[in-house]
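Me: Could you take a close look at the charged pairs in this model for me? I'd like to see them placed within the rest of the fold.

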Amino acid sequence: MPARKGWRNRAACQGQDLVLFFGPGEGEPRETPKQKEARIERAKQLCRVCPVQVECLDFHLQASAAQYGVAGGLDEDERRTYRRRLQRKAARERRTP
């Protein structure tokens, strides 16, 4: 197995129902906003105790495709904000002599 994917085998989410991280799929009953908020918080709680949270977040930040759900302890909006912050920081560092 490639080392790049090795961290996934140690993830706390291993064996968890994907609905916890991505919500109900097409054809499944919709969740209310309150149910969605509670589900996302449960997923983030699992991420907080995960031994590979940093690797997971790094992987999902580098992925070029639009991503949904909770990964690395952040939801899609939080990852987008975090990615922008990292990009601004890198741009500042490039300008600094």
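Reply: Let's start in helix α5, where R80 and D77 sit three residues apart, about one turn of the helix. Please keep in mind throughout that this is a predicted model. The two residues form a salt bridge, with the closest N and O atoms 2.5 Å apart. How exposed is each partner? R80 has a relative accessibility of 38%, so it counts as partly exposed. D77 comes to 47%, so it is partly exposed as well. A separate set of charged residues, K44, D75 and E78, is joined into one network by salt bridges that share partners.

One pair from that network deserves a longer look. D75 forms a salt bridge with K44, and here the closest N and O atoms are 3.8 Å apart. It ties together distant parts of the chain: D75 belongs to the loop between α4 and α5, while K44 is in helix α3 (residues 33-48), and 31 residues separate them. That distance still falls within the 4 Å cut-off for a salt bridge. Are these two buried or exposed? D75 has a relative accessible area of 15%, so it is buried, and K44 is at 11%, so it counts as buried too. The threshold behind both labels is under 20% relative accessible area.

Another pair is R48 with E41, whose closest N and O atoms are 3.0 Å apart. R48 is partly exposed, because its relative accessibility is 49%. E41 lands in the partly exposed class as well, because its value is 32%. The full count of salt bridges is six. As a general point, side chains of opposite charge can pair when their charged atoms come close.

Now for the surroundings of those pairs. The chain has five helices and zero strands, so read along the sequence, the pattern is simply α-α-α-α-α. Helix α3, where K44 sits, also matters for the nonpolar interior. The largest nonpolar core has seven residues: L20, F21, I40, A43, L46, C47 and V70. Helices α2 and α3 each supply at least two of its residues, with α3 giving the largest share, four. Within this core, C47 touches F21, Q53, V70, G72 and G73, leaving aside residues up to four places away in sequence. A second, separate core has six residues, among them W7, A11, C50 and C56. In soluble globular proteins, nonpolar side chains tend to be buried together.

C56 leads us on to helix α4 (residues 53-62), whose buried residues are C56, L57, H60 and L61. These span an arc of only 130° around the axis, which means they lie on the same side of α4. The opposite face carries the exposed residues V54 and Q62. Helix α5 (76-95), home of the R80 and D77 pair, is part of what covers the buried side of α4.

There is also a nonpolar feature on the outside to set against all this charge. L18, F22 and Y68 form a nonpolar surface patch, with about 390 Å² of accessible area together. F22 is found in helix α2 (residues 19-22). What does F22 touch? Beyond residues up to four places away in sequence, its contacts are R39, Y68 and G69, so Y68 is both a contact of F22 and a fellow member of its patch. A further spatial link is given by Q67: its C-alpha atom and that of F22 are separated by 9.7 Å, although the two residues are 45 apart along the chain.

Finally, a few whole-chain numbers for context. The C-alpha trace spans about 55 × 35 × 25 Å along its principal axes. Of the 97 residues, 28% are buried, and D75 and K44 are both in that class. Among contacts with a separation of 6 or more, 43% are between residues 24 or more positions apart. The accessible surface comes to about 7,400 Å², with 53% of it belonging to carbon and sulfur atoms.

Methods
Residues numbered from 1 in each chain as written. Predicted model: local features only at pLDDT ≥ 70, side-chain atom pairs only at ≥ 80, totals over all residues. Heavy atoms only, no water. Patch = residues over 30% accessible without salt bridge, like charges linked within 9 Å, V, L, I, M, F, W, Y side chains within 5 Å. Areas by Shrake-Rupley, 256 points an atom, 1.4 Å probe, with all protein chains shown as cover. Salt bridge = Lys/Arg side-chain N within 4 Å of Asp/Glu carboxyl O. Buried < 20%, exposed > 50% of the residue type's maximum accessible area, 1.4 Å probe, protein only. Arc of directions from axis to C-beta. Contact = heavy atoms within 4.5 Å. Core = buried A, V, L, I, M, F, W, Y, C linked by side-chain atoms within 4.5 Å.
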